[in-house]
Structures are given as structure tokens and as C-alpha cells.
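Biologist: I would like to learn how to read a model like this one, feature by feature. Please give the general idea and then the case at hand.

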Amino acid sequence: MASSPELKHPVKSFAWAARDKSGVLSPFNFSRRAADGHDVQLKVLYCGICHSDLHMIKNEWGFTEYPIVPGHEIAGVVTEVGRKVQKFKIGDKVGVGCLVGSCRNCNKCATDLENYCPAQILTYGFHYTDGTPTYGGYSDIMVVDEHFAIRWPENFPLDAGCPLLCAGISTYSPLKYFELNKPGIHIGVVGLGGLGHVAVKFAKAFGAKVTVISTSAGKKQEAIEKLGADSFLPSGDPEQMQAAVSTMDGIIDTISAVHPILPFINLLVPHGKLIVVGAPEKPLELPIYSLSMGRKIVTSSSIGGLKETQQMIDFAAKHNILPEVEVIPIDYVNTAMERLAKGDVKYRFVIDIGNTIKSAFDMNGNS
Ligand code: NAP
Ligand code: ZN
């Protein structure tokens with residue numbers, strides 16, 4: 001630890017980190033680099049809890065290095081700028097999503113697809129080029145190259161808006177790329193959680209007819225009355241699933257756990273597209289025969305590039321698309337993770353980092 005480059009950095013920061021695969025988060029001291037060159041430093045005000053945070057703190061994907069400070073739905077205010085910064089000034093509101101670096105050279109970076117750069121650096125659980133681990137937004141301060149910071153739309157709430165930086169872009173990007181943003185088409189959204197409920201809102205804003213496909217019958221009324229879905233399909237009801245066969249042009253599947261995809265392929269029209277954005281810990285079975293009968297497509301998508309993330313949040317602000325959030329203090333985070341694992345959240349937890357991290361840190365001690 002003593003030789004770790006992170007300890008050489010001058011900006012003291014505190015955070016909540018998981019130390020092992022129990023995933024339990026507790027106070028953690030570390031340091032970040034000073035804002036130099038194109039860097040901006042921000043005071044983190046809010047950070048959403050993505051299911052990916054839960055996968056990572058529990059090492060469900062098998063590559064977690066501890067300690068890990070999760071958080072990639074970060075909203076805050078700029079407190080320092082490096083000498084070369086052009087996009088931001090002190091006091092500006094900014095967002096940071098899932099990426100804090102990429103090579104900036106390859107053809108993916110050159111075409112605003114940093115999210116597919118082979119040298120991408122994720123906001124947490126990765127390493128900067130000097131070897132320093134990346135630590136995410138469950139921390140009081142972030143330092144990030146301005147290229148990877150998003151300009152916050154005016155009069156747009158930071159607390160409810162921050163989940164868009166992952167949940168938003170991860171659904172907006174595939175809806176657009178796979179041409180499922182056309183008015184009048186029928187979109188299914190599987191799994192009404194953080195990503196799913198935002199997918200409903202974007203698909204509606206694009207003019208689609210939207211059906212929520214869910215294991216939770218109790219979400220029906222809200223899906224329709226609050227989120228604006230046109231209909232609700234309980235995935236556990238074989239008769240209703242049968243009645244919906246061959247009706248959907250595209251489906252966004254956000255389920256976080258291993259599950260069969262055949263029932264959703266059956267819902268597609270010929271040439272329909274099933275986009276699996278959920279990231280279960282084990283591979284899913286691919287029923288080729290049912291794809292061939294209608295030349296259907298199963299694909300996936302990962303977050304989005306910086307330019308598209310900016311477009312997404314500007315679009316959200318223009319169309320008043322805001323996630324439904326439950327704002328919590330940081331010392332509630334372990335309970336929130338337990339509730340998220342059980343699907344007990346409508347529909348995104350957001351941690352009030354700005355008001356609670358310091359006091360919770362002082363009360364809980366540190367290590
Ligand atoms: P979430 O809030 O927990 O929502 C997941 C939803 O899936 C649940 O609300 C539930 O919806 C459904 N579900 C959960 N377990 C299920 C099971 N065993 N069988 C059937 N349905 C189940 O999670 P999230 O934050 O939206 O993230 C969803 C997934 O997307 C995670 O795996 C995450 O890592 C991944 N992700 C991917 C990207 C990307 O770029 N591709 C980006 C961010 C996150 P119902 O109650 O309605 O059934
Ligand atoms: Zn995420």
C-alpha cells in the first residue's frame with residue numbers, strides 16, 4: 001500500500017468503500033490528484049446507486065479489486081480548474097458518468113465512442129495510466145479531465161437528474177443506435193428498475209408505444225399512471241405473454257440476473273431487436289432457432305460516448321425526463337444495497353453525498 005501512487009496525490013478525499021466481497025461499505029480515506037491541465041475538480045453533491053455498483057462490490061463479475069469505491073452517476077459543482085480547462089469554470093454544475101478516461105486516439109475515440117475504446121478507463125474499479133486506482137462517486141471530491149465531464153443543463157435538478165449519467169445513457173443510446181426511437185413503433189421494456197423506468201420515459205418521449213414487461217405485478221399502476229407506459233405485461237402470466245407474441249418492434253431487457261430470453265424473443269415481430277443491456281453474472285442461453293424464425297436480432301450495448309451523453313441529458317432536460325429517486329444519506333447505503341438486491345426501490349437510490357458524507361465519516365471513524 002505504501003508505494004501506491006494514490007497515496008502520493010495531494011487532494012485528501014473521503015469515501016465509502018467495500019473491502020471484500022461481502023460488499024459492506026464503510027468509511028475510507030484516500031487522495032486524488034490535483035486538478036492540472038485539462039482537469040476539473042468537483043465537490044460531489046449527489047451520486048446514484050446503479051445495480052452495477054452492487055455487482056461490483058460483491059465481485060459478481062469476478063474482476064473487482066478491493067478496496068472499491070463505487071459510484072458512476074455523479075453530479076456536483078466545480079471547485080477547481082486546471083490551467084488549460086476551457087469548458088468549465090468554478091461554480092459550474094457538472095456530471096460525471098461511467099468513464100473518466102480513454103486513449104483519445106483510436107477510431108472509436110475519434111468518432112465519439114469512447115465507451116468502446118479498448119483503453120477506456122471506468123470511473124471506478126479501473127486504473128489510471130499511472131497505476132492509481134479509479135475511485136467513484138461515493139466520495140466527497142472527484143477530479144476528472146474536462147472531456148469526461150458533462151455540462152449540467154440549467155434548472156435541471158442534480159439529485160433526480162444524476163442517474164441519467166448511467167441509467168439514462170445506457171438506454172437512450174441503444175434506443176437511438178438500433179433505430180428504436182421512431183414514433184409509433186412498439187417497444188417493450190423488461191425489468192422496471194433504474195434503467196427500465198428511464199427507458200420507458202425515453203421511449204415515450206421518442207413517440208413509441210411502450211409496454212413494461214415485469215415480474216412485479218405491483219408495479220402496474222405506477223408504470224402506467226406515473227411513468228407513462230401504455231401497457232403492462234406480467235412476465236409470469238403465460239396467457240398474457242402468449243397474447244403479446246409477435247407484437248413488439250424492439251425490446252430493452254434490463255434484468256440484472258440470469259434469465260431466459262426466449263419469452264422476449266417470442267414477443268418480437270420478424271426483424272425485431274432484443275437489446276440486452278442488463279449484465280447478469282453468468283452468460284445467457286441464446287435460442288438460435290427462435291431467432292432464425294423471423295430473422296430476429298439479439299444484441300447489447302454499453303453506456304454511451306461523451307458527446308451522446310451530453311445530448312442525452314440535454315434531451316432529458318428539454319423533455320422534462322427525470323428519474324424517480326429516493327434520496328438517502330450515505331450511512332443508509334448498506335441498507336439501500338440490500339433493498340436494491342431485493343428489487344425494493346422505486347426506482348433509483350441517490351446518495352446525498354454533499355450533505356451527509358462528512359458527518360457520517362466523522363461519526364463512523366475511518367480506516
Ligand atoms: P435494478 O434497478 O435492480 O433493476 C433491475 C430490474 O430487473 C428489477 O427492478 C426487476 O424488475 C428485474 N429483475 C431483477 N431480478 C430479476 C430476476 N431474477 N428475474 C427477472 N427480473 C428480474 O438494476 P439497474 O440499475 O436498472 O441495472 C440493471 C442491469 O443493467 C444490471 O445488471 C446492471 O449492471 C446493468 N447495467 C448495464 C449497463 C449497460 O451499459 N449495458 C449500464 C448500467 C447498468 P421487475 O420487478 O419489473 O421485474
Ligand atoms: Zn451504472
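Biologist: Which strand gives the largest share of the lining of the second largest pocket?

Modeller: Bear in mind that this is a predicted model. The largest share of that lining comes from strand 2, with three residues. Strand 2, strand 6 (99-101) and strand 8 (141-145) each supply at least two residues of the lining.

Biologist: How many residues line the second largest pocket, and which lie nearest its centre?

Modeller: The lining has 25 residues, and those nearest the centre are Arg33, Val100, Ile121, Tyr128 and Thr129. The volume of this pocket is about 380 Å³. Sorted by class, its lining holds 10 nonpolar, eight polar and seven charged residues.

Biologist: What of closed spaces: how many cavities of 30 Å³ or more does the structure hold?

Modeller: There is one cavity of 30 Å³ or more. The largest cavity encloses about 70 Å³. Its lining consists of Gly97, Cys98, Leu99, Leu165, Ile169, Ile303, Gly304, Gly305, Leu306 and Thr309. By class, six of the lining residues are nonpolar, four are polar and none is charged.

Biologist: Ile303 is in that list. Which backbone feature does Ile303 have?

Modeller: The general idea first. Most residues other than glycine have a negative phi, and most peptide bonds are trans. Ile303 has a positive phi of about 35°, though it is not a glycine. Ile303 sits in the loop between strand 15 (297-299) and helix 10 (306-318). Its relative accessibility is 11%, so Ile303 counts as buried.

Biologist: Ser246 also has a positive phi. Where is Ser246 placed?

Modeller: Ser246 is in the loop between helix 7 (238-243) and strand 13 (248-253), and its phi is near 60°. At 41% relative accessibility, Ser246 counts as partly exposed, because the partly exposed class runs between the cut-offs of 20% and 50%.

Biologist: You mentioned trans peptide bonds. Which residue does a cis peptide bond join to Pro67?

Modeller: The cis bond joins Tyr66 and Pro67, with omega about -5°. Pro67 is in the loop between helix 1 and strand 4 (74-81). Another cis peptide bond joins Lys346 and Tyr347, where omega is about -10°. Tyr347 is found in the loop between helix 11 and strand 17.

Biologist: Let us turn to helix 11. Which of its residues are buried?

Modeller: The general idea is one of periodicity. An α-helix has 3.6 residues a turn, so residues three or four places apart point the same way. In helix 11 (residues 333-341) the buried residues are Val333, Ala336, Met337, Arg339 and Leu340. They span an arc of only 165° around the axis, so they lie on the same side of helix 11. The face turned away from that buried side carries the exposed residues Glu338 and Ala341. Just after helix 11, Gly343 has a positive phi of about 75°.

Biologist: What covers the buried residues of helix 11?

Modeller: The cover includes strand 1 (11-18), strand 2 (25-32), strand 3 (39-49), helix 1 (51-57), strand 16 (325-328) and strand 17 (348-352). Phe349 is in strand 17. Beyond neighbours within four places in sequence, Phe349 contacts residues including Ala336, Arg339 and Leu340. At 1% relative accessibility, Phe349 counts as buried.

Biologist: How far is Phe349 from His55, along the chain and in space?

Modeller: They are 294 residues apart along the chain, and their C-alpha atoms are separated by 15 Å.

Biologist: Is Val189 of strand 10 buried or exposed?

Modeller: Val189 is buried, at 0% relative accessibility. Not counting residues up to four places away in sequence, Val189 touches Gly196, Ala199, Val200, Val210, Thr211, Val212, Ile213 and Ile252. Gly191 lies in the loop between strand 10 and helix 5 (194-205). With a relative accessible area of 17%, Gly191 is buried. Leaving aside neighbours within four places in sequence, Gly191 is in contact with Gly196, Ile213 and Thr254.

Biologist: Finally, which residues does the UniProt domain annotation cover?

Modeller: The unreviewed UniProt entry has the annotation "domain: Enoyl reductase (ER)" for residues 23-351. That span is 25% helix and 26% strand, and its end C-alpha atoms lie 17 Å apart.

Conventions
Residues are numbered from 1 along each chain as its sequence is written. Chains are lettered from A and ligands numbered from 1 in the order in which they are written. This is a predicted model: local features need pLDDT of at least 70, side-chain atom pairs count only at pLDDT 80 or more; totals for chains, interfaces and linings use all residues. Side-chain values use heavy atoms; hydrogens and water are left out. Buried means under 20% relative accessible area, exposed over 50%, partly exposed in between (1.4 Å probe, protein chains only). Helices (H or I, at least four residues) and strands (E, at least two) are DSSP runs, numbered from the N terminus. The arc is that of the directions from the helix axis to the C-beta atoms. Contact means heavy atoms within 4.5 Å. On a 1 Å grid over the protein atoms alone, a cavity is a set of points where a 1.4 Å probe fits but cannot get out, and a pocket is an open set with protein on both sides within 12 Å along at least five of seven lines; lining residues have an atom within 4 Å of a point. Grid points are joined across faces, edges and corners, and a volume is the space filled by probe spheres set on the points. Ala, Val, Leu, Ile, Met, Phe, Trp, Tyr, Cys and Pro count as nonpolar, Asp, Glu, Lys and Arg as charged, and the others, Gly among them, as polar. UniProt positions are given in the numbering used here, feature names are shortened, and annotations may be inferred rather than shown by experiment.
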